[in-house]
Amino acid sequence: MFALENRTPHAKGGTLAEAILSGHYIYCPIRDLKICLETGEAQAPDTGLAHTFEVRTTNDIVNVVLPRL
């Protein structure tokens, strides 16, 4: 299981809520960046990084670990 921030890694930003999922990658609906769900990295020739979050599953309950502010 993977969790990403709902923001594309390109400079103008945008949402990933309507991204297309294919295996361990999603495709940004605005710029068609191919983003790895595991690392958040945009695949070459594109660059950028979507923020990822740790996911823990306990007794069929999924928890997303958020960073401390």
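# Working through a six-strand chain

C36 counts as buried, with a relative accessibility of 10%. Buried here means under 20% relative accessible area, exposed means over 50%, and partly exposed is in between, with a 1.4 Å probe and protein chains only.

Some ground rules before the exercises. This is a predicted model, in which local features need pLDDT of at least 70 and side-chain atom pairs count only at pLDDT 80 or more, while totals for chains, interfaces and linings use all residues. Residues are numbered from 1 along each chain as its sequence is written, and side-chain values use heavy atoms, with hydrogens and water left out.

## Exercise 1: The overall layout

Work out how many helices and strands the chain has, and describe its overall dimensions and surface.

Step 1. Start with the secondary structure: there are 0 helices and 6 strands. Helices (H or I, at least four residues) and strands (E, at least two) are DSSP runs, numbered from the N terminus. Reading along the sequence gives β-β-β-β-β-β.

Step 2. Now put a box around the C-alpha atoms. Along the principal axes, that box is roughly 40 × 30 × 20 Å.

Step 3. Look at burial and surface. Of the 69 residues in the chain, 22% are buried. The accessible surface is about 5200 Å², and 50% of that belongs to carbon and sulfur atoms; such areas come from the Shrake-Rupley method with a 1.4 Å probe, and for residues only the protein chains shown count as cover.

Step 4. Check the contacts, meaning heavy atoms within 4.5 Å. Among contacts with a separation of 6 or more, 24% link residues 24 or more positions apart.

Step 5. Finish with charge. The chain has 6 positive and 8 negative charges, and their mean positions are 8 Å apart. Lys and Arg count as positive and Asp and Glu as negative, leaving out His and the chain ends; each charge is placed at NZ of Lys, CZ of Arg, CG of Asp or CD of Glu.

## Exercise 2: The cysteines

Why is there no bond between the sulfurs of C28 and C36?

Step 1. Recall the chemistry: a disulfide is a covalent bond between the sulfur atoms of two cysteines. The cut-off used here is a pair of cysteine sulfur atoms within 2.5 Å.

Step 2. Take the distance. The closest cysteine sulfur to that of C28 is in C36, 15 Å away, so it is too far for a bond. Starting from C36 leads back to C28 at 15 Å.

Step 3. Check the total: the structure holds 0 disulfides.

Step 4. Compare exposure. C28 is buried at 3% relative accessible area, and C36 is buried at 10%.

## Exercise 3: A loop pair, T8 and H10

Find where H10 sits, whether it is buried or exposed, and which side chain it makes a polar contact with.

Step 1. Locate the residues. H10 is in the loop between β1 (3–4) and β2 (20–22), and T8 is in the loop between β1 and β2 too.

Step 2. Judge the exposure. H10 is buried, at 11%, and T8 is buried as well, at 3%.

Step 3. Find the partner. The side chains of H10 and T8 make a polar contact at 2.9 Å. That term covers a pair of N or O atoms within 3.5 Å; within protein, one must be able to donate a hydrogen and the other to accept it, and residues adjacent in sequence count only if both atoms are side-chain atoms.

Step 4. List the neighbours, not counting residues up to four places away in sequence. H10 touches C28, I30, R31 and L33, while T8 touches G13, G14, T15, L16 and C28. C28 thus turns up in both lists.

## Exercise 4: K34 and its strand

Which residues does K34 touch, not counting those up to four places away in sequence?

Step 1. Place K34 in strand β4, residues 34–36.

Step 2. Read its exposure: K34 is partly exposed, at 30%.

Step 3. Collect the neighbours: Y25, I26, Y27, E41, A42 and Q43.

## Exercise 5: Backbone oddities

Find the cis peptide bond that leads into P45, and the phi values of N59 and D60.

Step 1. The bond from A44 to P45 is cis, with omega near 10°. P45 lies in the loop between β4 and β5 (52–58).

Step 2. N59 has phi near 50° and D60 has phi near 65°, in each case a positive value in a residue other than glycine.

Step 3. N59 is in the loop between β5 and β6, as is D60. N59 is exposed at 72%, and D60 is exposed at 77%.
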